[in-house]
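Visitor: I am new to protein structures. Could you walk me through this one, step by step?

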Amino acid sequence: MQINPGAAEFPHRQIAAQLKAQVRRGDWAPGERLPSIPAIAEMFGVAKQTVQRAVDQLRVEGVLITKPGSGTYVRGTRRRLNRLARGRYGGFRGYHTDLAARYRQQLVSVGRSPAPAEVADAFGVADGTDLLCRRHLVRTDDSPVEVGASWFLPADTAGTSLERAEAFGRPLYQEAEEATGRRYVTATDTISARQPSREEAEILQIRPDTPVLHLLHVAFDERHKPIEVAQATWPGPMTTLTEEYRIPAPAPERDPDPGLVLG
């Protein structure tokens, strides 16, 4: 391990690139602890502060995670963002078993909460209106990868199973369809990047300056009235957006209209 003092790239960036290459090669497996900051500094022949900057960069990029009092570890699974929202409905409107095997969703709370601005706008109600909110956390084997919530109008959910603080043995949208008597027909997804709130950073185990990707998912019935407004937030550096789609074939050329005069 060495750095090039004459290179244009800063020393800490050179170190970060080499550490990342080692992770990519599998020298350190997901969940494995890295050598200490002083040990890495000795390997490269640099000050500890230089190595700390390199580690901080890789934490922001989602490659490493630091556990207080324990050390720095290789972060695990890089998450593909094609799970939500389209993936939440699965093939044939059924449960997506492959995704369920890799991600575990934990129901955190169920109850009335003031609607944030983006949710209130989607439902067409005033900011802060009390709506039914079902909050959840999604984890992989090694770390939390999603914090989210599903919002409903109380008029649609009063006295239904959606108000109970319990997980269902099927996707939430199927439970909502039965509880509300309304079918999900269309949906819109809006994805944006921003800085996390303090609570999001703590739950997702990321630095406060690590960007996150945020999804606002609005599901509508056949009258284009919103049934559910869902939010999901992921650590940006460890999340990739993947979209697969068909490309239509070129339209066949048609002979020009004999009555059309060109020129």
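Visitor: In which helix does K48 lie?

Guide: First, keep in mind that this is a predicted model. Look at the helices and find the one that holds K48. That element is helix α3.

Visitor: Which residues is K48 in contact with, leaving aside its neighbours within four places in sequence?

Guide: Contact here means heavy atoms within 4.5 Å. Set aside the neighbours within four places in sequence. What remains for K48 is I37, P38 and A41.

Visitor: How many Å separate the C-alpha atoms of K48 and S36?

Guide: Along the chain, K48 and S36 are 12 residues apart. In space, we go from C-alpha to C-alpha. That separation is 9.8 Å.

Visitor: How many helices and strands are there in the protein chain?

Guide: The chain has 263 residues, and 41% of them count as buried. Contacts between residues 24 or more positions apart make up 61% of those with a separation of 6 or more. As for elements, the chain has 8 helices and 10 strands.

Visitor: Is H12 buried or exposed?

Guide: H12 has its place in helix α1, residues 11-25. Beyond residues up to four places away in sequence, H12 touches T50, R53, A54 and Q57. Buried means under 20% relative accessible area. The value for H12 is 7%, so H12 is buried.

Visitor: Which residues touch the most other members in the largest nonpolar core?

Guide: That core has 18 residues. Helices α1, α2 (37-44) and α3 (48-60) each supply at least two of them. V51 touches I15, I37, I40, A41 and V46, not counting residues up to four places away in sequence. The members of the core that touch the most others are I15, V51 and L64.

Visitor: Why might nonpolar side chains be found together like this?

Guide: There is a general tendency to point to. In soluble globular proteins, nonpolar side chains tend to be buried together.

Visitor: How many residues are in the second, separate core?

Guide: Among the members of this second core are V119, L216, V218 and V229. The core is separate from the one before. Its residue count is 12.

Visitor: What is the order of the strands in the open sheet of 6 strands?

Guide: The pairing in this sheet is antiparallel. Read across the sheet from β4 to β7. The order is β4-β5-β6-β9-β8-β7.

Visitor: Which strands stand at the edges of this sheet?

Guide: An edge strand here has a single partner strand, so one side is left without a neighbour in the sheet. Neighbouring strands are turned by 15° against each other on average, direction ignored. The edge strands are β4 (104-114) and β7 (186-194).

Visitor: How many bridges join β4 to β5?

Guide: The two strands run antiparallel. P114 stands opposite D130 in β5, and S109 stands opposite R135. The number of bridges joining β4 to β5 is 10.

Visitor: Which residue of β6 stands opposite R139?

Guide: β5 and β6 pair in the antiparallel sense over 8 bridges. β5 is mostly covered, with 7 of its 10 residues buried. Opposite R139, in β6, stands P144.

Visitor: How many of the residues of β8 are buried?

Guide: β8 spans residues 212-220. V212, H214, L216, V218 and F220 point one way, while L213, L215, H217 and A219 point the other way. All of these are buried. The count for β8 is 9 of 9.

Visitor: Which residue in the turn between β8 and β9 has a positive phi?

Guide: β8 and β9 pair in the antiparallel sense over 9 bridges. V212 has P235 as its bridge partner in β9. The two strands form a hairpin with 5 residues between them. The turn residue, with a phi of about 60°, is H224.

Visitor: At about what angle does helix α7 run to β6?

Guide: α7 (residues 172-180) lies across β5, β6 and β9. Its buried residues, including L172 and Y173, pack against β5, β6, α6 and β9. The angle of α7 to β6 is about 10°.

Visitor: Which residue lies over the face of Y73?

Guide: Start from the centre of the Y73 ring. The residue sits at 4.6 Å from that ring centre. Its name is K67.

Definitions and conventions:
Residues are numbered from 1 along each chain as its sequence is written. This is a predicted model: local features need pLDDT of at least 70, side-chain atom pairs count only at pLDDT 80 or more; totals for chains, interfaces and linings use all residues. Side-chain values use heavy atoms; hydrogens and water are left out. Two strands pair if DSSP finds at least two bridges between them. Helices (H or I, at least four residues) and strands (E, at least two) are DSSP runs, numbered from the N terminus. Axes are lines fitted to C-alpha atoms, for helices over the stretch in contact, and angles run from 0 to 180 degrees between N-to-C directions. A charge sits over a ring if NZ of Lys or CZ of Arg is within 6 Å of the ring centre and within 35 degrees of the ring normal. Buried means under 20% relative accessible area, exposed over 50%, partly exposed in between (1.4 Å probe, protein chains only). A nonpolar core is a set of buried Ala, Val, Leu, Ile, Met, Phe, Trp, Tyr and Cys residues joined through side-chain atoms within 4.5 Å.
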